[in-house]
Amino acid sequence: MVVGKVGFPPAPAGKQEVSILFPTKMRGVPHIFVSWRDTDNTLSAVNGLVITDSTDSGFKIATNRIDTEYTWWFSFMAIYR
């Protein structure tokens, strides 16, 4: 199991994608759970959150950036059974 907190750094409006690498490879492609806190700031900064790729080494996640000014954080948990 891998858990973490990652941010989408400030960027121009539009699609933004970040890559998360696990500290060590898993035995296979894990199930990935993502969470963020729904606040007025969050909802005005991004629109949606989608995992676009997943491997035993990590995953990519994308959002539609609305507010370009600050880092937007989310938490994740990756589990392989």
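Author: A residue is called buried when its relative accessible area is under 20%, and exposed when that value is over 50%. The model discussed here is a predicted one.

Reader: Why is Phe 59 called buried?

Author: Phe 59 has 3% relative accessibility. This value is under 20%, so Phe 59 counts as buried.

Reader: Is its partner Phe 22 buried or exposed, and what makes it so?

Author: Phe 22 stands at 7% relative accessibility. That too is under the 20% limit, and therefore Phe 22 is classed as buried.

Reader: How many aromatic pairs does the whole structure hold, and what makes Phe 22 and Phe 59 one of them?

Author: A search of the whole structure yields six aromatic pairs. The ring centres of Phe 22 and Phe 59 are 6.2 Å apart; a pair requires centres within 6.5 Å, so these two rings qualify.

Reader: Why is the pair of Phe 22 and Phe 59 called tilted, rather than stacked or edge-to-face?

Author: The planes of the two rings meet at 45°. Stacked planes are under 30 degrees apart and edge-to-face planes over 60, so an angle of 45° leaves the term tilted.

Reader: Which parts of the chain does this pair link?

Author: Phe 22 belongs to the loop between β2 (14–21) and β3 (31–35), while Phe 59 lies in strand β5 (residues 58–65). The two residues are 37 residues apart, and the pair links distant parts of the chain.

Reader: Which other rings are joined by pairs, and what lies over the face of Trp 73?

Author: Ring pairs connect Phe 8, Trp 36, Trp 72 and Phe 74 into a cluster. Over the face of Trp 73 lies Lys 5, at 5.3 Å from the ring centre.

Reader: What places Gly 58 and Thr 63 on the buried side of the limit?

Author: Both residues are found in strand β5. Gly 58 has 5% relative accessibility and Thr 63 has 6%; each value is under 20%, so each residue counts as buried.

Reader: Which residues do Gly 58 and Thr 63 touch beyond four places in sequence?

Author: Gly 58 is in contact with Ile 20, Leu 21 and Phe 22. The contacts of Thr 63 include Phe 8, Val 46, Gly 48 and Leu 49. In addition, the side chain of Thr 63 reaches the backbone oxygen of Gly 48 at 2.5 Å.

Reader: How do you know whether Glu 69 is buried or exposed?

Author: Glu 69, in the loop between β5 and β6 (72–79), has 62% relative accessibility. Because this is over 50%, Glu 69 counts as exposed.

Reader: What makes the approach of Glu 69 to Thr 68 a polar contact?

Author: The two side chains come to 3.4 Å. The limit for a polar contact is 3.5 Å, and residues adjacent in sequence count only if both atoms are side-chain atoms; the pair is a side-chain contact, so it qualifies.

Reader: Why is the protein chain called as compact as a globular protein of its length?

Author: The chain has one helix and six strands, which follow one another as β-β-β-α-β-β-β from the N terminus. Its radius of gyration is 13 Å, and the globule rule gives 12 Å for 81 residues; the two are close, so the chain is described as being as compact as a globular protein of that length.

Reader: What share of the residues counts as buried, and what share of the contacts joins residues at least 24 apart?

Author: Of the 81 residues, 33% count as buried. Among contacts between residues at least 6 apart in sequence, 71% join residues at least 24 apart.

Definitions and conventions: Residues are numbered from 1 along each chain as its sequence is written. This is a predicted model: local features need pLDDT of at least 70, side-chain atom pairs count only at pLDDT 80 or more; totals for chains, interfaces and linings use all residues. Side-chain values use heavy atoms; hydrogens and water are left out. Helices (H or I, at least four residues) and strands (E, at least two) are DSSP runs, numbered from the N terminus. Buried means under 20% relative accessible area, exposed over 50%, partly exposed in between (1.4 Å probe, protein chains only). A charge sits over a ring if NZ of Lys or CZ of Arg is within 6 Å of the ring centre and within 35 degrees of the ring normal. The radius of gyration is taken over C-alpha atoms; the globule rule is 2.2 Å times the number of residues to the power 0.38. Contact means heavy atoms within 4.5 Å. A polar contact is a pair of N or O atoms within 3.5 Å; within protein, one must be able to donate a hydrogen and the other to accept it, and residues adjacent in sequence count only if both atoms are side-chain atoms.
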